[in-house]
Amino acid sequence: MRRALALARSVMYTTTPNPRVGCVIVRDGRVVGEGATQPPGGPHAEIRALRDAAARGESVRGATFYVTLEPCSHFGRTPPCADAVVDAGPARVVVAMGDPNPQVGGRGLARLREAGIAVTTDVCLEEALEINAGFVARMSRGTPWAWVKMAASLDGRSALHNGVSQWITGEAARADGHAWRARSCVVLTGMGTVLKDDPRLNVRGVLTTRPPRKAVVDGRFEIPEDARLFDGTEVLVFTARPDAAKAERLAGRNARVVALPDGDSDRVDLPAMMRWLGEHEFNEVHVEAGAGLAGALVSAGCVDELLLYLAPVLLGDAAAMLRLPLLEHLEGARRFEFTDTQRIGADLRLRARDPARWQALREPVACR
């Protein structure tokens with residue numbers, strides 16, 4: 001199963017909106033076939049593994065399949081994998097987690113059992129869920145899995161008092177951040193960042209045939225039409241003040257303007273934005289924004305995970321990472337759970353997720 005998980009990670013940047021899945025076929029103690037899901041419309045992991053076995057001249061009858069996600073049981077862009085597995089005649093199928101897609105939801109496992117195939121489930125479930133948290137979130141709750149990426153000093157400062165922030169962390173941390181951009185479906189920022197930094201929001205240093213799309217939260221629709229992020233790749237602009245003429249001009253630069261006002265204010269309805277992204281098959285959202293938007297997303301309950309790069313420096317009286325409401329009691333604090341700590345160059349990468357939101361993802365994929 002760990003080899004199957006490695007195969008799933010090998011297609012981290014290519015399968016969206018489909019899940020990242022790996023499959024390994026073992027017979028008589030030998031790997032006779034393996035594969036990973038291809039880009040949308042291409043063969044799934046099980047089919048790739050079966051074709052690999054055939055190319056090796058190996059029989060898979062009586063073998064054991066190790067697959068990181070329940071084989072699909074419906075016709076989508078490709079035929080059901082569960083039928084192909086049954087036709088191959090394995091003795092056993094080991095599955096890391098169930099498929100939260102309502103069109104599958106246990107039907108793939110039932111199809112295998114009905115064919116007399118022994119099924120073992122929930123093997124390395126946590127690792128499999130980690131790879132596909134976005135897909136599971138979109139299928140089970142209708143919104144993507146979202147993380148906020150921040151770089152800060154040891155005293156929690158993200159910029160100097162005059163706004164200078166490049167660069168607090170080192171080159172290795174910045175490169176690691178681009179790998180997280182690459183795995184996401186969309187890189188999201190706010191108007192403050194666009195006006196201050198004029199970012200490209202693209203992926204650099206990571207080879208991917210499916211770069212993430214770009215998105216800006218721009219309540220007043222003030223985005224400059226010559227901003228560098230308008231480079232021909234698709235850009236989403238979420239606003240509360242639509243302007244048909246400007247939207248038409250930006251459409252010529254491959255930008256789509258989405259009006260989601262939060263009542264009568266100039267603010268974008270952030271939960272509605274996340275629902276919109278889920279409806280349009282975005283699995284993962286990578287947020288790189290200033291303290292205002294980052295804090296607003298946390299306050300609105302739109303953030304699942306924090307991705308924090310800490311540099312071994314002290315900045316003193318400077319800008320904070322997040323702008324959150326003042327608290328009178330600790331009971332009102334938003335609490336996260338550390339899941340990973342890793343040295344990246346001279347800096348430290350911390351990952352922390354909302355434990356309740358993670359537990360809610362486990363429920364639809366834990367097999368019964």
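Let me begin with a single side chain, Lys 196, which at 48% relative accessibility counts as partly exposed, in what I should say at once is a predicted model. Its sequence neighbour in this account, Asp 197, is likewise partly exposed, with a relative accessible area of 29%, and the side chains of Lys 196 and Asp 197 meet in a salt bridge, at 3.2 Å from N to O. Side chains of opposite charge can pair when their charged atoms come close, and a search of the whole structure finds 24 such salt bridges, of which I will go through a few.

Take next the pair formed by Arg 3 and Glu 34, whose side chains are joined by a salt bridge with an N to O distance of 2.7 Å. This pair links distant parts of the chain, since Arg 3 belongs to helix α1, residues 2–10, while Glu 34 sits in strand β2, residues 30–36, and the two are 31 residues apart. As for its surroundings, Arg 3 is partly exposed, and its relative accessible area is 42%.

A further pair is that of Glu 234 and Arg 213, where the closest N and O atoms of the salt bridge are 3.5 Å apart. Glu 234 lies in the loop between β9 (213–217) and β10 (235–239), whereas Arg 213 is in strand β9 itself, so the salt bridge ties together parts that are 21 residues apart in sequence. Both ends are partly exposed, Glu 234 at 27% relative accessibility and Arg 213 with a relative accessible area of 29%. Elsewhere, salt bridges that share partners join Glu 130, Glu 305, Arg 351 and Arg 353 into one network.

That network brings me to the division of the protein, which is into domain 1, covering 1–131, and domain 2, covering 142–354. How far apart do the C-alpha centres of domain 1 and domain 2 lie? The distance between those centres is 34 Å, and across the boundary ten residues of domain 1 are in contact with 14 residues of domain 2. The size of an interface is often given as the accessible area lost when the parts come together; here the area buried between domain 1 and domain 2 is about 980 Å², with carbon and sulfur atoms giving 39% of it. On the side of domain 1, the residues that lose the most area to domain 2 are Tyr 13, Thr 16 and Glu 130, which together account for 61% of what that side buries.

Glu 130 appears again when we turn to charge, for it forms a salt bridge with Arg 351, the closest N and O atoms being 2.6 Å apart. Between domain 1 and domain 2 the count is three salt bridges, and nine residue pairs are in polar contact, with both residues at pLDDT 80 or more. The residues on the side of domain 1 that touches domain 2 divide into four nonpolar, three polar and three charged.

Finally, let me turn to helix α6, residues 133–141, in which Ala 133, Gly 134, Phe 135, Val 136, Ala 137 and Arg 138 are buried. What do the buried residues of α6 pack against? Their partners are α5 (125–131), β6 (145–153), α10 (270–279), β12 (284–287) and α12 (355–365). After α6 comes Gly 142, whose phi is positive, near 85°, and with that residue I will stop and take questions.

How values were computed. Residues numbered from 1 in each chain as written. Predicted model: local features only at pLDDT ≥ 70, side-chain atom pairs only at ≥ 80, totals over all residues. Heavy atoms only, no water. Domains from an automatic or database assignment. Contact = heavy atoms within 4.5 Å. Buried area = accessible area lost by both parts, 1.4 Å probe. Salt bridge = Lys/Arg side-chain N within 4 Å of Asp/Glu carboxyl O. Polar contact = N/O pair within 3.5 Å; in protein donor to acceptor, adjacent residues only side chain to side chain. Nonpolar A, V, L, I, M, F, W, Y, C, P; charged D, E, K, R; others polar. Helix = DSSP H or I, 4+ residues; strand = E, 2+ residues; numbered from the N terminus. Buried < 20%, exposed > 50% of the residue type's maximum accessible area, 1.4 Å probe, protein only.
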